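Let's take a walk through this model together, beginning with the whole chain and ending with a few individual side chains. Please keep the 3D view open as you read.

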Amino acid sequence: LKLAALSRGERRPGRRALIELRVDAADAAGAPARLGGLMRVTVQAPGAQPETQTFDIPLRTQPEADRHFDAILRQYVLRIEPTWTTEPARGSVLEVKMTLARPSGVELVARDLVEW
């Protein structure tokens, strides 16, 4: 579980902010893998109000997982819309923590940064 370099924050005039997270998943041999379970994404944005927000993205069923899977790049694309009353400053760095709770009870955790 790893956040790909194509991840980005997007300011949209007249609309809520968007953070597009592109997630790479690999098996033990390093080959692209599919995910299943509940993905919890926590975004910490220094200077924003609220500073921390959490989003749950279900990937429990095949249709749910397929909805978020980019078959060309073989990545998961998770689009989240923070509900900040005060956005973080342009150029600030957002800390992203992703926790995938697998049906087996095993949790996979990844942390990374996204420039706003």
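## A guided look at the fold

Of the 116 residues of the protein, 40% count as buried. Please bear in mind that you are looking at a predicted model. For the overall dimensions, the C-alpha atoms fill a box of roughly 40 × 30 × 25 Å along the principal axes. A compact globule of 116 residues would have a radius of gyration near 13 Å, so the 14 Å of the protein agrees with that expectation. The contacts add another view: among those between residues at least 6 apart in sequence, 58% join residues at least 24 apart.

Next, the secondary structure. The protein has 1 helix and 9 strands, and along the sequence they follow the pattern β-β-β-β-β-α-β-β-β-β. How are the strands of the open sheet ordered? There are 4 of them, in the order β5-β4-β8-β9, with antiparallel pairing. β5 and β9 are the edge strands, each pairing on one side only. On average, neighbouring strands of this sheet are turned by 20° against each other, direction ignored. If you zoom in on β8 and β9, you will find them paired in the antiparallel sense over 9 bridges. Leu94 stands opposite Val114 in β9.

Now let's turn to the interior. The largest nonpolar core has 28 residues, and those touching the most other members are Ile19, Leu21, Met39, Val41, Ile80, Trp84 and Met98. Several strands each supply at least two residues of this core: β3 (18-24), β4 (37-44), β5 (52-59), β7 (75-80), β8 (93-101) and β9 (107-115). The largest share, 4 residues, comes from β8. Trp84 is a good place to pause. Leaving aside neighbours within four places in sequence, Trp84 is in contact with Ala17, Ile19, Ala45, Ala48, Gln49, Pro50, Gln53, Leu94 and Trp116. Ile19, one of these partners, is also listed with Trp84 among the core residues that touch the most other members.

Charged side chains complete the tour. How many salt bridges does the model contain? The count comes to 10. Let's start with Arg22, which forms a salt bridge with Asp70, the closest N and O atoms being 3.3 Å apart. Arg22 lies in strand β3 and Asp70 in strand β6 (residues 69-70), so this pair ties together parts that are 48 residues apart in sequence. Are these two residues buried or exposed? Both Arg22 and Asp70 are buried.

Compare the bridge between Glu10 and Arg8, whose side chains meet at 2.7 Å, N to O. Glu10 is partly exposed, with a relative accessible area of 23%, and Arg8 counts as partly exposed at 37% relative accessibility. Both of the pairs just described belong to one network of salt bridges, which links Arg8, Glu10, Glu20, Arg22, Asp70 and Arg79.

Finally, return to the sheet for a salt bridge between the side chains of Glu95 and Arg111, at 4.0 Å, N to O. This pair links distant parts of the chain, with Glu95 in strand β8 and Arg111 in strand β9, 16 residues apart. Glu95 has a relative accessible area of 31% and is partly exposed, whereas Arg111 is exposed, with a relative accessible area of 54%.

Methods:
Residues numbered from 1 in each chain as written. Predicted model: local features only at pLDDT ≥ 70, side-chain atom pairs only at ≥ 80, totals over all residues. Heavy atoms only, no water. Core = buried A, V, L, I, M, F, W, Y, C linked by side-chain atoms within 4.5 Å. Buried < 20%, exposed > 50% of the residue type's maximum accessible area, 1.4 Å probe, protein only. Contact = heavy atoms within 4.5 Å. Pairing = 2+ DSSP bridges. Axes fitted to C-alpha atoms, helices over the stretch in contact; angles between N-to-C directions. Rg over C-alpha atoms; globule rule 2.2 N^0.38 Å.
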